[in-house]
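Q: Please take a close look at one part of this model, a sheet together with what packs around it, and then relate that part to other local features of the chain. A connected account would be more useful to me than a list.

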Amino acid sequence: MNKILGCSHNQVIEAQTMTWFMPEESEPHERTWMAFPWSRGIWGRKLLPEVQNNIAAIARAIADYEPVSMLVRPKDYEIAAQKCGSSVNLVVAALDDLWIRDTGPVFVKDSRGSLGGIDFNFNGWGEKQKHDQDAKVAEFVIQESGVQPIQTELVLEGGGIEVDGQGTAIITESCVLNENRNPGMSKAECEELLKPLLGLRKIIWLPGIRGKDITDGHTDFYARFARPGTVVAAYDPDPASFDHAVTKKHLEILRSETDADGNELDVAVIETPTKIRPQFESNDFAAGYINFYVVNGAVIMPEFGDVIADDKAKATLQNLFPERDIVQINIDAIASGGGGIHCTTQQQPLV
């Protein structure tokens with residue numbers, strides 16, 4: 001268990017025994033946290049500058065609507081400042097990669113509205129990637145935010161958790177109930193630990209799929225709450241895709257489920273694009289629209305050059321979020337590494 005700096009033992013015990021809940025993403029944010037990529041070992045010499053450009057574009061788009069704090073190594077400060085511009089606040093920190101949805105804390109609130117930050121013991125998605133520094137990012141952000149630190153024995157990532165803020169969560173079995181994160185843990189044992197941390201009364205389990213991407217099938221590529229009672233879910237129509245059968249199964253489950261209050265879910269479907277731009281095409285390319293990010297006044301989402309699919313996905317999200325701007329960004333370089341916009345961000349709720 002990581003030591004919590006600047007926090008007494010009594011404070012940690014108090015945080016563990018309090019009642020917490022995770023707000024739904026469309027609730028007001030204090031800021032968005034991000035992390036600036038630097039590793040040629042992870043991204044390659046030629047791809048890294050384009051990944052940095054993508055991260056900067058996402059950060060600037062979000063900064064039009066709410067503050068952005070970007071973690072950056074001292075060596076990369078100058079290039080980050082050049083690419084991100086003055087609207088993004090740079091915070092010097094040690095890190096390995098850009099996926100702060102998974103490496104950063106999950107912010108929760110108590111009944112008084114005070115914030116806590118959960119460190120879910122990031123282990124490189126089951127020891128798949130170097131993470132010595134990223135394992136400390138949650139603790140660092142908790143300190144920088146000045147929120148109550150919360151510890152848990154669970155190993156998981158923020159991208160594997162989707163909540164409606166009213167007691168319901170959607171989680172994939174392939175990620176959380178995986179021997180590379182929580183060996184030997186049953187579904188019931190996981191729920192017993194997770195429910196009080198996130199203020200949950202019901203968890204909807206989707207099967208997900210293991211071993212096809214580095215995350216083992218994070219929820220935020222498959223199903224998201226647009227609001228309590230309304231879920232937007234991915235469907236891959238290509239029978240040759242490994243995601244075809246699993247997304248079809250997910251839709252069947254979601255359409256038959258209810259939320260924590262017993263209300264049937266309204267499920268909106270967004271199909272994956274049928275084509276992408278060839279420049280950054282790879283076996284790991286994450287071509288899907290469900291990995292959008294909701295900010296104050298807007299939804300930041302990807303586009304992949306498939307005009308019909310891009311426009312249809314945008315129209316669906318505009319219908320689901322009628323009072324927010326829908327901002328589409330080319331994130332092909334990041335997508336080539338298996339991630340998306342939501343993966344690169346972590347919201348800090350407004351107190």
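A: In this predicted model, three strands form an open sheet in the order S14-S15-S16, and their pairing is mixed. Its edges are strand S14, residues 293–295, and strand S16, residues 325–330, each of which pairs on one side only. Neighbouring strands of the sheet are turned against each other by 30° on average, with direction ignored. Strands of a sheet pair through backbone hydrogen bonds, either parallel or antiparallel. In the case of strand S15, residues 298–303, the pairing with S16 is in the parallel sense and extends over six bridges; within it, proline 302 has isoleucine 329 of S16 as its bridge partner.

Across this sheet lies helix H3, which spans S14, S15 and S16 and runs at about 165° to S16. Helix H3 covers residues 48–63, 16 residues in total, and reaches 22 Å from its first C-alpha to its last, close to the 22 Å expected at 1.5 Å a residue. Many of its positions are listed as buried, including Leu48, Val51, Ile55, Ile58 and Ile62, and the buried set also includes the polar residues Gln52 and Asn54 as well as Ala56, Ala59, Ala61 and Ala63.

The loops that flank the sheet strands bring aromatic residues together. The count of aromatic pairs comes to five. In one of them, the rings of phenylalanine 285 and phenylalanine 304 have their centres 5.9 Å apart and their planes at 70°, so the pair is edge-to-face. This pair links distant parts of the chain, with phenylalanine 285 in the loop between strand S13 (266–271) and S14, and phenylalanine 304, 19 residues away, in the loop between S15 and helix H11 (307–320). Phenylalanine 285 has a relative accessibility of 13% and therefore counts as buried, and phenylalanine 304 is likewise buried, with a relative accessible area of 1%. Ring pairs also bring in Tyr289, so that Phe285, Tyr289 and Phe304 are linked into a cluster.

Aromatic rings take part in another kind of arrangement as well, in which a charged group sits over a ring. The charged end of arginine 224 sits over the ring of phenylalanine 292, at 4.4 Å from its centre. Elsewhere, arginine 73 lies over the face of tryptophan 38, 3.6 Å from the ring centre.

A second parallel pairing is found between strand S6, residues 115–119, and strand S7, which are joined by four bridges. In this pairing glycine 117 stands opposite proline 149 of S7. Strand S7 comprises residues 148–151; Gln148 and Ile150 point one way from the strand, Pro149 and Gln151 point the other way, and all are buried.

Serine 145, in helix H7 (residues 137–145), can be related to strand S6 through leucine 115: the two residues are 30 apart in sequence, and their C-alpha atoms are 9.2 Å apart in space. Serine 145 counts as buried at 19% relative accessibility, since the cut-off for that class is under 20%. Leaving aside its neighbours within four places in sequence, serine 145 is in contact with Trp33, Phe107 and Gln348. A separation of another kind is given by alanine 81 and threonine 103, which are 22 residues apart along the chain and have C-alpha atoms separated by 22 Å. Alanine 81 is found in helix H4 (residues 77–84) and is partly exposed, with a relative accessible area of 32%.

Two positions deserve attention for their backbone geometry. Most residues other than glycine have a negative phi, and most peptide bonds are trans. Tryptophan 125, although not a glycine, has a positive phi of about 55°; this residue lies in helix H6 (residues 124–127) and counts as buried at 2% relative accessibility. Aspartate 216 likewise has a positive phi, near 60°, in a residue other than glycine. Aspartate 216 is placed in the loop between strand S10 (202–206) and strand S11 (223–227), and it is buried, with a relative accessible area of 3%.

Definitions and conventions:
Residues numbered from 1 in each chain as written. Predicted model: local features only at pLDDT ≥ 70, side-chain atom pairs only at ≥ 80, totals over all residues. Heavy atoms only, no water. Helix = DSSP H or I, 4+ residues; strand = E, 2+ residues; numbered from the N terminus. Expected span 1.5 Å × (residues − 1). Buried < 20%, exposed > 50% of the residue type's maximum accessible area, 1.4 Å probe, protein only. Pairing = 2+ DSSP bridges. Axes fitted to C-alpha atoms, helices over the stretch in contact; angles between N-to-C directions. Contact = heavy atoms within 4.5 Å. Phe/Tyr/Trp six-rings, centres within 6.5 Å; stacked < 30°, edge-to-face > 60°. Lys NZ or Arg CZ within 6 Å of the ring centre and 35° of its normal.
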